[in-house]
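Thanks for coming, everyone. Please have the structure open in front of you. I'll talk through the ring pairs, then the sheet.

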Amino acid sequence: MDKEDIRRPENIVACKPRLLNDNNMHYCPGCSHGVVHRLVAEVIEEMGAEHIAIGIAPVGCAVFAYNYVDIDWIEAAHGRAPAVATAAKRLNPDRLVFTYQGDGDLAAIGTAETIHAANRGENIAIIFINNAIYGMTGGQMAPTTLEGMVTSTTPYGRRVDLNGHPLKITDLMAKLEGTCYVTRQAVHTPAAVRKAKAAIRQAFENSMNGMGTSVVEIVSTCNSGWKLSPADANKWMVENMFPAYPLGDLKTPQQ
């Protein structure tokens, strides 16, 4: 097949989403953020929602999300994305409004905003990247850090008696009456990527249909913070993160 054949639409198997900008991403090699950004761009494009989508960017590794996906974005103060999303959706109920947050932003400083927005059943989607560490600021312990996990602030491993239990905030949100869809996915294999994309699409559709709050947790890697290669980080995630944060739906609209 020559180059002209490859360019024909009927021969294209995959291509870069139109909404994904040409800016070089700042994420570390092997980071899960880039994959999830692509999925968000693909879903919005496939829904034809690029002119009505409003993303709420976090503080953390994904603080520059607005540089990569070509839609309207609002930068929120640390942890306040669900509160900002609440205002955006209530003032513009016909818009697709979603937050994109890491575990420190969502489950530490943003715990109150997250829980109360979900409890109110705000018609927003929350994309939650859980890599069990503060990746941007030096690899400190996060609320989701596993018991025994070594970080820069737990050099001998997280201790329950000293640091408390890992916070499974997604499980908490699944129990709230305001949530309609809560799921936990990953992006470490092609099959997992397809499931994560379907989950994001479901969450966005729920938002547009006024069904309440949807939460898509993506169990992710932070190979820089974990001090592992990208391949070893994926293996460590499967062996250690998945038992603590098992993949699958925690709550669906039918439940």
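**Aromatic pairs and the sheet**

Counting rings whose centres lie within 6.5 Å, we get 5 aromatic pairs. Take F64 and Y66. Their ring centres are 6.2 Å apart and their planes meet at 90°, so this pair is edge-to-face. F64 is partly exposed, at 36% relative accessibility. Y66 is partly exposed as well, with a relative accessible area of 33%. Keep in mind that this is a predicted model.

Next, F98 and F204. This pair is tilted, with 5.1 Å between centres and 35° between planes. Where do F98 and F204 lie? F98 is in strand β3, residues 96–102, and F204 is in helix α8, residues 190–208, so the pair ties together parts 106 residues apart in sequence. Buried or exposed? F98 is buried, at 0% relative accessible area. F204 is buried too, at 0%. Add W73, and ring pairs link W73, F98 and F204 into a cluster.

Now the sheet. It is open and has 7 strands, in the order β2-β1-β3-β4-β6-β5-β7, with mixed pairing. β2 (72–75) and β7 (248–251) stand at the edges with a single partner strand each, so one side of each has no neighbour in the sheet. From one strand to the next, the twist averages 20°.

Look at β4, residues 125–130, and β6, residues 213–219. They pair in the parallel sense over 6 bridges. F128 stands opposite E217 in β6.

Back to helix α8. α8 packs on the sheet and touches β3, β4, β5 and β6. The direction of α8 makes about 160° with that of β5.

Technical notes:
Residues are numbered from 1 along each chain as its sequence is written. This is a predicted model: local features need pLDDT of at least 70, side-chain atom pairs count only at pLDDT 80 or more; totals for chains, interfaces and linings use all residues. Side-chain values use heavy atoms; hydrogens and water are left out. Rings of Phe, Tyr and Trp (its six-membered ring) pair if their centres lie within 6.5 Å; planes under 30 degrees apart count as stacked, over 60 as edge-to-face and the rest as tilted. Buried means under 20% relative accessible area, exposed over 50%, partly exposed in between (1.4 Å probe, protein chains only). Helices (H or I, at least four residues) and strands (E, at least two) are DSSP runs, numbered from the N terminus. Two strands pair if DSSP finds at least two bridges between them. Axes are lines fitted to C-alpha atoms, for helices over the stretch in contact, and angles run from 0 to 180 degrees between N-to-C directions. Contact means heavy atoms within 4.5 Å.
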